[in-house]
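Q: I am new to this structure and would like a close look at a single part of it. Please start from one annotated position and then work outward to its surroundings.

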Amino acid sequence: MPFIPHTQDDIAEMLASIGSDSIETLFDEIPDDLRSGRLNNVPPGLSEMEISRLMMERAAQDGFYQNFIGAGAYDHHIPAAVWQITTRGEFYSSYTPYQAEASQGTLQLLYEYQTMMASLTGMDASNASLYDGATALAEAVLMAVRSHRSSRRILMPQTVHPVYKKVVRAIVSNQKIDIVEAPFCAESGRVLPESLEKFDDEEFAAIVIPQPNFFGVLEQVNELTDWAHRKKTLAIGVVNPVSLALLTPPGEWGSNGADIAVGEGQPLGIPLSSGGPYFGFMACKNNLIRQIPGRIIGRTNDLDGKQGFVLTLQAREQHIRRSKATSNICTNQGLMVTAATIYMSLLGPDGLRRVAEHSHANTMDLLQQLEKISGVKKVFNSPFFHEAALKLPKPVNLVLARMKEKGILAGFDLQAFYPEMGDTLLVCATETKTAADIQNYVTQFEQALK
Amino acid sequence: MLIFEHARPGRRNYSQAPTTTASTEGIPDQFLRKKQPLLPEVSEMDTVRHYTRLSQKNFSIDTEFYPLGSCTMKYNPRACNALAMLPQFLGRHPLAPEDTGQGFLACMYDLQEILKDVTGMAGISLAPMAGAQGELIGVMMIRAYHESRGDHDRTEIIVPDAAHGTNPATAVMCGFKVVEIATDKEGNVDLNALKAAVGPKTAGLMLTNPSTLGVFEENVTEMSRIVHEAGGLLYYDGANLNAVLGKVKPGDMGFDVIHINLHKTFSTPHGGGGPGSAPVGVAKRLLPFLPVPFVSSENGTYSWVTEKERPQSIGRLSAHMGNAGVLLRAYIYVRLLGRDGMNRVAEFATLNANYLMAELKKAGFEIAFPTRRASHEFIVTLKDIKDKTGVTAMNLAKRLLDKGFHAPTTYFPILVPECLLIEPAETESKQTLDAFVTAMKEILAEIKEQPDLVKNAPHTMPLRKLDDVKAARELDLCWKPDA
């Protein structure tokens with residue numbers, strides 16, 4: 001019996017202790033007419049050897065591609081130590097650290113994670129993570145509305161990841177929160193601060209500021225943040241954590257810094273794996289800490305005065321507050337954060353900056369070579385970080401299909417979300433790509449355009 | 001010591017990042033960070049040693065018995081991890097074309113079909129990333145269903161007082177008012193309270209069955225009739241599905257929407273608090289509202305079903321498709337168990353719980369619902385002990401840590417005073433359960449002979465009892481170099 005250790009003798013002794021003659025009797029409180037029949041669509045069990053064969057065949061079917069797609073999930077090198085330590089049973093198979101004395105490993109690690117994320121984002125505090133980048137943004141919107149009190153409207157630029165916008169709408173729409181879209185400039189690919197003048201007389205709880213935005217373009221974050229603060233509107237930064245080794249952190253945007261920073265944690269040591277599990281991060285300024293959703297770890301002392309760590313501010317959470325909680329969230333993405341913390345520790349400030357720089361330099365290199373091809377042109381004229389949109393002279397889906405045949409996933413077709421942009425490809429070359437990989441891409445691309 | 005305290009300026013790992021410098025050409029100075037972030041400057045070995053040592057300060061299923069009620073801490077087979085981490089699965093970009101992921105999509109499709117059969121529901125979406133998100137999505141579908149019928153006055157969700165805190169918190173997030181109903185002496189939902197609570201405002205009832213009191217709701221069919229006749233829908237919180245896996249299908253009990261905690265019943269790892277995964281299942285009338293994406297199959301080719309095909313879908317609740325890696329682990333687990341193994345899960349989880357309940361009763365502990373069968377879990381109440389000796393459920397929980405056992409769930413459900421909710425899970429042997437009973441007996445003796453020993457527990461952990469009040473009053477959430 002897979003994973004069930006009972007011997008016949010054990011079963012007999014246990015039933016005798018209970019005073020029952022069969023295991024079946026233990027289900028006698030369930031009405032007979034509810035008992036299910038056979039599970040017809042569940043196949044018979046496999047041995048580990050058999051399931052290994054099946055899974056290896058299915059994995060082989062999917063194969064390996066050279067990946068140049070970014071669009072919110074990025075292919076970075078993950079040091080071997082990250083997942084070897086993360087999947088140690090003591091991290092992998094432990095529960096939420098409710099019993100602090102028996103969970104100091106996880107709790108201290110989360111405190112270290114909070115320290116790293118607060119510093120990376122330039123904020124005062126970080127929670128212990130949320131589900132993913134998209135839901136972290138939705139939670140930031142809810143948090144802004146809770147703290148603003150008079151407005152339930154959010155200004156959302158069209159340069160925010162289009163799926164994040166959908167997720168935010170799905171989550172907050174039942175709470176009577178309005179999402180107002182702010183357009184971007186077709187030449188620069190970013191929100192022009194002067195274009196917000198038309199919203200000067202309207203009240204918003206928050207503006208969302210992506211950096212870099214979905215096109216890879218750098219927004220004028222200082223001006224946008226100051227515009228928000230002049231109107232007593234909160235500024236929510238949506239950022240790529242790897243970029244923050246290089247770019248000004250949200251906490252330093254404008255005169256006073258953004259109020260909340262959120263984003264997708266995947267680039268910090270989490271494999272792409274078809275979209276999850278990843279983790280969302282959230283950091284904020286001191287005045288918002290009691291509004292932050294999810295778990296938070298605090299440092300304290302034990303009875304002997306020794307330093308230790310506990311879950312804190314639990315009075316915000318669902319298991320205490322029930323219907324009055326700040327959110328229904330109970331898990332964070334503990335194991336993903338374990339990996340990210342080990343990743344950041346292995347890279348350090350210098351290593352993470354090099355990853356960011358090389359990813360940017362590789363994308364620059366690729367773009368410069370592609371732009372030499374007739375009809376291929378960068379769509380936007382603004383500074384960007386490690387990802388950019390290209391206009392193609394041929395249908396993008398055709399080019400992508402041809403590149404795929406050569407083993408290259410050449411980028412993301414922006415028409416899926418921005419049909420008005422025509423044949424436009426979003427492309428990203430991280431530090432994992434060599435000069436030869438980039439050369440191969442360019443060669444195949446020329447062929448594909450013929 | 002914190003990782004930051006191991007650091008020395010200028011120390012770095014030459015093999016883990018590009019060694020050459022690269023240009024940041026094209027990024028104007030105004031966008032660049034001026035001060036480097038506070039990440040530790042440590043060697044690779046420092047990191048490995050530090051986090052290995054931290055891991056050793058944790059209890060885990062791999063190292064201890066973990067009878068945490070309503071959390072189903074069963075063994076997490078290593079094969080599930082190893083095979084979900086095959087390099088092709090890990091390397092696949094979420095936006096890669098469907099035809100480069102047919103192997104992965106086949107696993108997802110098979111998992112949907114298996115979960116349909118096990119739950120008796122008409123459709124499954126694997127998208128929700130945790131139990132609480134599964135609940136949110138389930139309640140959103142209830143709302144979307146009523147709204148699609150122009151039934152806008154249904155503003156209330158009924159929740160039993162024994163429910164998880166996520167139930168009421170979720171209903172509020174969906175814009176509903178929560179109506180709480182009481183439990184009767186036998187641990188069932190009070191049917192009269194339910195009858196009094198339903199009406200034209202009822203959108204639905206959220207129910208966990210077996211309940212968090214460790215008993216099967218015997219009147220579930222009657223409850224289903226009452227709620228449906230009032231025009232409401234029935235929501236099944238799958239937190240305790242392990243107790244009835246293969247024995248009862250939520251669909252047969254009349255439920256319209258369910259979520260399944262894969263990190264409980266399907267043995268995906270808890271990971272120190274996530275990632276979870278909580279597929280939702282629906283009855284036929286709710287099919288149009290399922291969250292996207294999910295997988296369909298036509299002539300052996302798998303593809304994503306999106307908003308295009310399902311315009312009434314409540315939409316997307318994550319950036320991609322949910323926690324794919326967790327879903328793969330669950331898939332491998334169900335294939336290892338197979339049809340017969342699935343039935344045995346509920347059987348042996350129930351056998352273990354009833355055996356442990358019987359033994360603890362004989363040892364002198366008070367069982368909260370002594371006339372009932374245990375489901376896969378049961379409640380011991382220490383109210384009497386507390387009244388006589390001052391020793392609380394939390395004291396006993398901490399003392400168990402000293403004896404090498406993780407504590408059961410304490411103070412939940414809130415309606416039983418000084419409670420311990422104990423769930424042994426099917427993967428534990430009789431010998432482990434016996435050792436736990438021995439430890440509980442020892443503690444009972446200690447409570448009589450030297451209660452202070454129990455009140456001041458734990459004594460053998462890396463730390464003694466921690467000061468929660470100080471943590472909340474003098475917030476220290478980040479390390480600071482000069483503090």
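A: What follows starts from one residue in chain B, then takes up its annotated region, the contact between the chains, and chain A.

The model is predicted. The position to start from is Lys264(B), which an unreviewed UniProt entry annotates as "modified residue: N6-(pyridoxal phosphate)lysine". Along chain B, Lys264(B) falls within helix H9, a helix made of residues 262-265.

Is Lys264(B) buried or exposed? A residue counts as buried when 20 or more other C-beta atoms lie within 10 Å of its own. Lys264(B) has 24 other C-beta atoms within 10 Å, so Lys264(B) is buried. Which residues does Lys264(B) touch, apart from its neighbours within four places in sequence? Its contacts are Cys71(B), Thr72(B), Ala239(B) and Asn242(B).

The same unreviewed entry type also supplies a wider label: a UniProt annotation, "domain: Aminotransferase class V", covers residues 152-271 of chain B. Over residues 152-271, chain B is 24% helix and 22% strand. The C-alpha atoms at the two ends of this stretch are 41 Å apart.

Strand E5 of chain B runs from residue 233 to residue 238. Six of its six residues are buried, so strand E5 is largely enclosed by the rest of the structure. Its side chains can be sorted by direction: Leu233(B), Tyr235(B) and Asp237(B) point one way from E5(B), while Leu234(B), Tyr236(B) and Gly238(B) point the other way. Both sets are buried. Strand E4 of chain B, residues 202-208, pairs with E5(B) in the parallel sense, with five bridges between them. One residue pair in E4(B) and E5(B) is Thr208(B) with its bridge partner Asp237(B).

Another pair of strands in chain B is E8 (residues 294-298) and E9 (residues 301-305), which are antiparallel and share five bridges. Ser296(B) is placed opposite Ser303(B) of E9(B). Two residues lie between the strands of this hairpin, and Asn299(B) there has a positive phi near 50°.

Chain B also meets chain A. Across that contact, 169 residues of chain B are in contact with 160 residues of chain A. On the side of chain A that touches chain B, helix H10 of chain A (residues 334-370) gives the largest share, 21 residues. That side of chain A divides by class into 81 nonpolar, 53 polar and 26 charged residues.

Chain A has 450 residues, and 61% of them are buried. Its secondary structure consists of 12 helices and 15 strands, and its C-alpha trace spans about 80 × 55 × 50 Å along the principal axes. Of the contacts in chain A between residues at least 6 apart in sequence, 75% join residues at least 24 apart.

The domain assignment splits chain A into domain 1 (66-76 + 349-448) and domain 2 (80-341). Their C-alpha centres are 28 Å apart. Where the two domains touch, domain 1 of chain A contributes 24 residues and domain 2 of chain A contributes 22 residues. On the domain 1 side, H10 and strand E12 (388-391) of chain A are the elements that give two or more residues. H10(A) supplies the largest share of that side, six residues. By class, the domain 1 side has 15 nonpolar, five polar and four charged residues.

Chain A contains an open sheet of seven strands in the order E2-E8-E7-E6-E5-E3-E4, with mixed pairing. Strands E2 (125-126) and E4 (178-182) of chain A are at the edges with a single partner strand each, so one side of each has no neighbour in the sheet. Within this sheet, E7(A), residues 260-264, and E8(A), residues 280-284, run antiparallel and are joined by five bridges. Glu264(A) is opposite Gly280(A) in E8(A). Helix H6 of chain A (residues 133-148) lies across strands E3, E5, E6, E7 and E8 of chain A, at about 165° to E7(A).

An open sheet of four strands in chain A, in the order E11-E12-E15-E14, has antiparallel pairing. Its edge strands are E11 (377-378) and E14 (412-413) of chain A; each has a single partner strand, so one side of each is left without a neighbour in the sheet. E12(A) and strand E15 of chain A (residues 424-427) are antiparallel and joined by four bridges, and Ala389(A) is opposite Leu426(A) in E15(A).

Key
Residues are numbered from 1 along each chain as its sequence is written. Chains are lettered from A and ligands numbered from 1 in the order in which they are written. This is a predicted model: local features need pLDDT of at least 70, side-chain atom pairs count only at pLDDT 80 or more; totals for chains, interfaces and linings use all residues. UniProt positions are given in the numbering used here, feature names are shortened, and annotations may be inferred rather than shown by experiment. A residue is buried if 20 or more other C-beta atoms lie within 10 Å of its own, exposed if 12 or fewer, and partly exposed in between; C-beta atoms are placed from the backbone. Two residues are in contact if their C-beta atoms, placed from the backbone, lie within 7 Å. Ala, Val, Leu, Ile, Met, Phe, Trp, Tyr, Cys and Pro count as nonpolar, Asp, Glu, Lys and Arg as charged, and the others, Gly among them, as polar. Two strands pair if DSSP finds at least two bridges between them. Axes are lines fitted to C-alpha atoms, for helices over the stretch in contact, and angles run from 0 to 180 degrees between N-to-C directions. Domain bounds come from an automatic or database domain assignment.
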